[in-house]
Amino acid sequence: MSQITVTADGPLHCTGAIEVSSPSGQLLKSDQELWFCRCGASKDKPYCDGSHKSVAFKDGGTPPVGELSVLRAGGLSVTPRIDGPLKIRGSLEILDATGKTVWRGSDTALCRCGASTMKPFCDGSHRQIGFKAE
């Protein structure tokens with residue numbers, strides 16, 4: 001099982017067996033630990049480059065508790081959508097900045113534009129703000 005921790009005012013910290021693929025399915029990276037941008041300002045999207053500090057990104061990292069499904073074994077597939085969210089497939093547990101489990105499941109979309117009102121989840125705000133990322 002993989003975990004994503006929503007850091008306060010910062011990126012998504014992902015641990016476990018992680019594969020990042022392009023929207024066309026090409027494997028881009030395979031690792032055990034990655035940091036994904038959620039402020040929308042990184043110049044190394046979908047990865048964090050520390051830009052959240054210079055743009056003063058603010059989000060406490062404590063979303064409300066949502067779905068808590070039983071997880072199956074296996075790795076995590078992350079696909080950054082063109083001009084959109086991170087599409088997540090595989091067993092995943094999301095922790096808030098305090099370490100509390102707030103979501104557990106197998107498929108979701110996580111915000112990377114910084115504008116979602118449902119952080120860390122995508123609410124479609126990337127369309128309204130004109131977010132751009134390949």
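## Loops, cis prolines and buried side chains

At 23% relative accessibility, Cys 48 counts as partly exposed, because that class runs between buried, under 20% relative accessible area, and exposed, over 50% (1.4 Å probe, protein chains only). Cys 48 sits in the loop between S3 and H1. Helices (H or I, at least four residues) and strands (E, at least two) are DSSP runs, numbered from the N terminus.

This is a predicted model, in which local features need pLDDT of at least 70, side-chain atom pairs count only at pLDDT 80 or more, and totals for chains, interfaces and linings use all residues. Residues are numbered from 1 along each chain as its sequence is written, and side-chain values use heavy atoms, with hydrogens and water left out.

**The whole chain**

The chain has 2 helices and 6 strands. Their order along the sequence is β-β-β-α-β-β-β-α. The C-alpha trace spans about 35 × 35 × 25 Å along its principal axes.

Why does a radius of gyration of 13 Å agree with a compact globule? A compact globule with 134 residues would have a radius near 14 Å, and the chain has 13 Å, which agrees. This radius is taken over C-alpha atoms, and the globule rule is 2.2 Å times the number of residues to the power 0.38.

Of the 134 residues, 47% count as buried. The chain exposes about 6,600 Å². Carbon and sulfur atoms supply 50% of that area. Accessible areas come from the Shrake-Rupley method with a 1.4 Å probe; for residues, only the protein chains shown count as cover.

Contacts also tell of the fold. Contact means heavy atoms within 4.5 Å. Among contacts between residues at least 6 apart in sequence, 49% join residues at least 24 apart.

Now the charges. The chain carries 16 positive and 14 negative side chains. The centres of the two sets lie 4 Å apart. Lys and Arg count as positive, Asp and Glu as negative; His and the chain ends are not counted. Each charge is placed at NZ of Lys, CZ of Arg, CG of Asp or CD of Glu.

**Backbone features in the loops**

Where do the cis peptide bond of Pro 46 and the positive phi of Ala 56 fall in the chain? The table gives the place of each residue, together with two others.

| Residue | Backbone feature | Place |
|---|---|---|
| Pro 46 | cis bond from Lys 45, omega near 10° | loop between S3 (27-36) and H1 (51-54) |
| Pro 120 | cis bond from Lys 119, omega about 10° | loop between S6 (101-110) and H2 (125-129) |
| Ala 56 | positive phi of about 55° | loop between H1 and S4 (76-80) |
| Asp 83 | positive phi near 55° | loop between S4 and S5 (86-95) |

Neither positive phi belongs to a glycine: Ala 56 is not one, and Asp 83 is a residue other than glycine. Asp 83 counts as partly exposed, at 25% relative accessibility.

**Around Lys 119 and Ser 116**

Lys 119 is found in the loop between S6 and H2. Is Lys 119 buried or exposed? At 17% relative accessibility, Lys 119 counts as buried.

The side chain of Lys 119 has a polar atom 2.8 Å from the backbone oxygen of Ser 116. The backbone oxygen of Gly 114 lies 3.3 Å from a polar atom of that side chain. A polar contact is a pair of N or O atoms within 3.5 Å; within protein, one must be able to donate a hydrogen and the other to accept it, and residues adjacent in sequence count only if both atoms are side-chain atoms.

Leaving out residues up to four places away in sequence, Lys 119 touches Arg 38, Phe 57, Asp 59, Pro 63 and Gly 114. Gly 61 is 58 residues from Lys 119 in sequence, yet their C-alpha atoms are 7.9 Å apart.

Ser 116 lies in the loop between S6 and H2. At 2% relative accessibility, Ser 116 counts as buried. Its side chain reaches the backbone nitrogen of Met 118 at 2.9 Å. Beyond four places in sequence, the contacts of Ser 116 include Cys 111, Phe 121 and Cys 122.

**Thr 7 and Cys 48**

Thr 7 lies in the loop between S1 (2-6) and S2 (12-21). Thr 7 counts as buried, at 19% relative accessibility. Which backbone oxygen does the side chain of Thr 7 reach? That of Pro 11, at 2.6 Å. Apart from neighbours within four places, Thr 7 is in contact with residues including Trp 35, Arg 38, Asp 59 and Gly 61.

Cys 48 has contacts beyond four places in sequence too, among them Pro 11, Trp 35 and Cys 37. Val 65 is 17 residues from Cys 48 along the chain, and their C-alpha atoms are separated by 25 Å.
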